[in-house]
Amino acid sequence: MLIIDNLVAGYGKVKVLHGISIMVPEGKVVALIGSNGAGKTTTLRALSGMLKPESGSITLGGKDIAGLTSHEITRMGLAHSPEGRRVFSTLPVMDNLLLGAFPRLTGSRHKGDVDGDINRMFELFPRLKERRTQLAGTLSGGEQQMLAMARALMLNPEVLLLDEPSMGLSPRLVEEIFVIIERLKKANMTMLLVEQFAAAALEVSDFGYVMENGHIRTSGEARALKNDPAVQAAYLGGH
Ligand SMILES: Nc1ncnc2c1ncn2[C@@H]1O[C@H](COP(=O)(O)OP(=O)(O)O)[C@@H](O)[C@H]1O
Ligand SMILES: [Mg+2]
């Protein structure tokens, strides 16, 4: 469970998040939607420690993680699949996956069954299995996105942050990514999902939050948001 309370963050003097509150209950999927520049990526960066929050609290499993380093936060079980599929392009697929499990391999996080989890990733993302010895930089955009997700999952996280997993992908791959999110949800993964395809994101989510200019404008059950005329008009293309 992840609880964000009155979070303020930005870049230097530029405030981007003006006191946002979001709750991601255990085993639920929460969609964070909003226009370009609303502050969605900044939110995920503040959660994972890539950006130091100015004020507010971020509680993961009962502990306040606001202000901790990204390494400390990762160790506590918050995994972040960042915008723009950042993979280690000069390393093979397999090494990228093992790096995702680094805190488990070095004893700073419960080890569990790392080999079994690699196999589970190959089941979930069969393309990665075929390409496991290939350098990550030689993968297609869609495959790199899958690798970024799989690497984050290799932490065996308590909560997974996904930033625009479908960005730049073909319609067929977008569909594949949503099927995978659906499968993770069935496996009880707790997720905060940032997506440009707001309708599809609300479809797989339990709850949704709509962000505008660094504020949460509205929130609620995903189904209710999908049927909200104001949300439809602004974010769902009027459908
Ligand atoms: N590194 C940065 N330095 C300064 N401003 C930034 C930086 N990254 C993003 N911003 C600004 O923060 C605001 C929110 O951006 P972002 O969180 O990326 O929005 P979203 O992910 O919702 O599209 C925008 O106005 C953007 O210009
Ligand atoms: Mg973004």
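N213 counts as partly exposed in this predicted model, because 13 C-beta neighbours sit inside 10 Å, and a residue needs 20 or more to be called buried and 12 or fewer to be called exposed. You'll find N213 in the loop between β9 (207-212) and β10 (215-221). Look at its backbone too: phi of N213 is near 45°, a positive value in a residue other than glycine. Most residues other than glycine have a negative phi.

Another asparagine to look up is N188. Its phi is positive as well, about 75°, although N188 is not a glycine. N188 belongs to the loop between α8 (171-186) and β8. Is N188 buried or exposed? N188 is exposed, because just 9 other C-beta atoms lie within 10 Å and the cut-off for exposed is 12 or fewer.

Now move along to T190, which is part of strand β8 (residues 190-194). T190 is buried, since it has 21 other C-beta atoms within 10 Å and 20 or more is what it takes. Which residues does T190 touch, leaving out those up to four places away in sequence? They are V24, E26, G27, K28, E158, V159 and L160. P25 comes into the picture as well: the C-alpha atoms of T190 and P25 are separated by 7.2 Å, while the two residues are 165 apart along the chain.

P25 itself is in the loop between β2 and β3 (29-33). P25 is partly exposed, with 13 other C-beta atoms within 10 Å. You can also pair P25 with A222, which is 197 residues away along the chain; their C-alpha atoms are separated by 14 Å.

Here are the four residues side by side:

| Residue | Other C-beta atoms within 10 Å | Burial |
|---|---|---|
| N213 | 13 C-beta atoms | partly exposed |
| N188 | 9 C-beta atoms | exposed |
| T190 | 21 C-beta atoms | buried |
| P25 | 13 C-beta atoms | partly exposed |

Next, the ligand. What surrounds ligand 1? The shell is made of Y11, V14, V16, G34, N36, G37, A38, G39, K40, T41 and T42. Sorted by type, these residues come out as four nonpolar, six polar and one charged. Both β2 (14-24) and α1 (40-47) supply at least two residues of the shell. The largest share, three residues, comes from α1.

There's a pair of helices to look at as well. Two packed helices are described by the angle between their axes and the distance between the axes. For α3 (residues 93-100) and α7 (residues 141-153), the angle is about 35° and the axes are 7 Å apart. Their crossing is right-handed. On the α3 side the contact involves V93, N96, L97, L99 and G100, and on the α7 side L147, A150, R151 and A152. That contact divides into six nonpolar residues, two polar and one charged.

Finally, zoom out to the whole protein chain. How many helices and strands are there? The chain has eleven helices and ten strands. Its radius of gyration is 17 Å, close to the 18 Å that the globule rule gives for 239 residues, so the chain is as compact as a globular protein of that length. The C-alpha trace spans about 45 × 40 × 30 Å along its principal axes. Buried residues account for 43% of the 239 residues. Among contacts between residues at least 6 apart in sequence, 65% join residues at least 24 apart.

Notes:
Residues numbered from 1 in each chain as written. Chains lettered and ligands numbered in written order. Predicted model: local features only at pLDDT ≥ 70, side-chain atom pairs only at ≥ 80, totals over all residues. Near = placed C-beta within 6 Å. Helix = DSSP H or I, 4+ residues; strand = E, 2+ residues; numbered from the N terminus. Nonpolar A, V, L, I, M, F, W, Y, C, P; charged D, E, K, R; others polar. Axes fitted to C-alpha atoms, helices over the stretch in contact; angles between N-to-C directions. Left-handed = near helix turned anticlockwise from the far one by under 90°. Contact = placed C-beta atoms within 7 Å. Rg over C-alpha atoms; globule rule 2.2 N^0.38 Å.
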